[in-house]
Amino acid sequence: MEKLDTNKRLLLAIVLSFLVLTLYSYIFPPQTPKKLDQNASSAPIATQSKAAPTATFNQKTTQNIKQAPISSQKSQTIATIETTKYKATIDNLGRIDSLILKESKYKDENGNPLDLINKKLIKPLELRFKDVNLNAKAFQTNYTASTKTLNATTKSETLTLTQNLGSVTVKKVITFYPKGNYDIKVEVSDKNQEFFLTPGFRPTVDKTMYMVVRGVVIRDDKGVLTTLEKGDAKSILTFSNATVTAAVDRYYTTLLYKKEGVFNTTVAACGSECVGYEEEPIAFVHAKGDLELQGYAGPKEWKLFESLDPKLTDVIEFGWFTFLAKPFFKIMLAIYDFVGNWGWTIVLFTLLVKIILFPLSYKGLMSMQKLKDLAPKMKELREKYGNDPVKMNQQMMALYKKHGANPMGGCLPMLLQIPIFFALYRVLLNADELQGAPWILWIQDLSAPDPYFVLPVLMGLTMYIQQKITPNTMTDPMQKKIFMWLPAIMTIFFINFPAGLVLYWLVNNVLTIAQQLYINKAYEKYKEQQKAKERKSKK
């Protein structure tokens, strides 16, 4: 059987890589969480750290820390906070008990306003002491609030939560801002007490099976990110130089960070207190005495994060190709500011990429045209020198040189498109800005699949047309059948993909068809010029 030519092997590698990277989560979907007992405690597992600037834990301490007791206090709302982004409540144990997003695009499966807090799991701002007895008392003692309602829609407002534990008094002084961020200061009257504060378990509202990060993201003072997902925290992990500690899912996060300086973070498996999520990580900031941090809970919005603290943009997960995805997304944001529509932003960005790569594509596709014309001569050389690979390669190279053909010429544009495609894949999959973003007509949410499958079908059709007009050197019938069915296979795979991603691929195919038609005409003109030169040289 004739071997696949270089460009076809590369195309097959791209497709297989795409299928592996994007369909893994469909083949191995996450387990459906078990239902929690309504009376189960939402207190986190105890955690501990190695040497840290303000809190030191040793092996003996590790053995002595117990799981927090089930609170006998019935959960009650003691304060309600409203910002421009959300309406939140604080419960009697000083935790964020609900956080309902105001923007209309954030809805649950029943069409109700989205609440980011899973009340059956570990809630943000829960505090735990290292001292077992003090911790037991803390989970039996209510906080009091300085006010029952707080309106921070136009300016910052401060809420003070106080818990009297007899020998120790705890104060959480929280300043809420209109954008949804907050400052928190934990004051403990006994400065020798060590405690833990958590951003909470990750939001669980996204149920899609796309390959996205769900877990904990730690950013250190050097900008290095550590991402921990299900099964990654089999042992206790400590970070003494954290600048951001975030619990994340596809679009949302609850996080704690420090604008200047570092803090201590411990990450462990959630365990029995997170029924259905036992192997997933939970993070705690630990300190001794007082602690001052900044926090945020809500959607992972790029521009908002940049305005609060640019390092928060690292919480938006773009995967292996982050080095490309970030600048791409910045360019897309600039285009969006101009056109005001994310669908047209994707179209214009795809056009921009195509224009930039055109010089390379032109050379590569012209080389492919030459190889197509040389296919019969190449077949003759294989038949003539098939038993002498060295001689055959020499003759092949001489043939390429004579006709100015480069067998690798068509590879470079494709190679460049691999990181570009996967970077865009991560952007279009993870960017909250595309959630609920309409394009035209029936496409009212670019983060969701096309409800009528129009885009996937058009994508497959354009892929078929592209195959028909693109030169190739395949002569083997089996090879032709494989690639003939490729558009249909890709169409099936793309049916459940976000419309924004399918739109990118469709526009890319359309532009590639236009580009190929132009190059086909250019090549015909080139051949006529070559024939004219040959006729002139014979005279």
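## Exercises on a predicted model

The protein chain has 11 helices and 17 strands; helices (H or I, at least four residues) and strands (E, at least two) are DSSP runs, numbered from the N terminus. This is a predicted model, where local features need pLDDT of at least 70 and side-chain atom pairs count only at pLDDT 80 or more, while totals for chains, interfaces and linings use all residues. Residues are numbered from 1 along each chain as its sequence is written, and side-chain values use heavy atoms, with hydrogens and water left out.

**Exercise 1.** Work out what share of the protein chain is buried, and what share of its contacts join residues at least 24 apart.

*Solution.* Start with the term: buried means under 20% relative accessible area, exposed over 50%, and partly exposed in between (1.4 Å probe, protein chains only). By that rule, 51% of the 539 residues count as buried. Next, a contact means heavy atoms within 4.5 Å. Take the contacts between residues at least 6 apart in sequence: 67% of them join residues at least 24 apart.

**Exercise 2.** Find the strand order of the open sheet of four strands, then look at how strand 1 and strand 2 run.

*Solution.* Two strands pair if DSSP finds at least two bridges between them. Going across the sheet, the order is 3-2-1-6, and the pairing is mixed. At the edges sit strand 3 (96-101) and strand 6 (149-151), each pairing on one side only. Now zoom in on strand 1 (residues 77-82) and strand 2 (residues 86-91): they run antiparallel, joined by five bridges. To spot one of these, go to Thr80, whose bridge partner in strand 2 is Thr89. As a reminder, strands of a sheet pair through backbone hydrogen bonds, either parallel or antiparallel.

**Exercise 3.** Track down the disulfide and decide whether its cysteines are buried or exposed.

*Solution.* You're after a pair of cysteine sulfur atoms within 2.5 Å. The structure holds one disulfide. Cys270 and Cys274 form it, with their sulfur atoms 1.7 Å apart. Both Cys270 and Cys274 turn out to be buried.

**Exercise 4.** Describe the surroundings of Val216.

*Solution.* First, place Val216: it belongs to strand 11 (residues 215-220). Then check its cover: Val216 has a relative accessible area of 1%, so it is buried. Finally, list what Val216 touches, skipping residues up to four places away in sequence; among them are Thr226, Leu228, Val267 and Ile282. For a distance to try yourself, the C-alpha atoms of Val216 and Asp232 are separated by 9.9 Å, with the two residues 16 apart along the chain.
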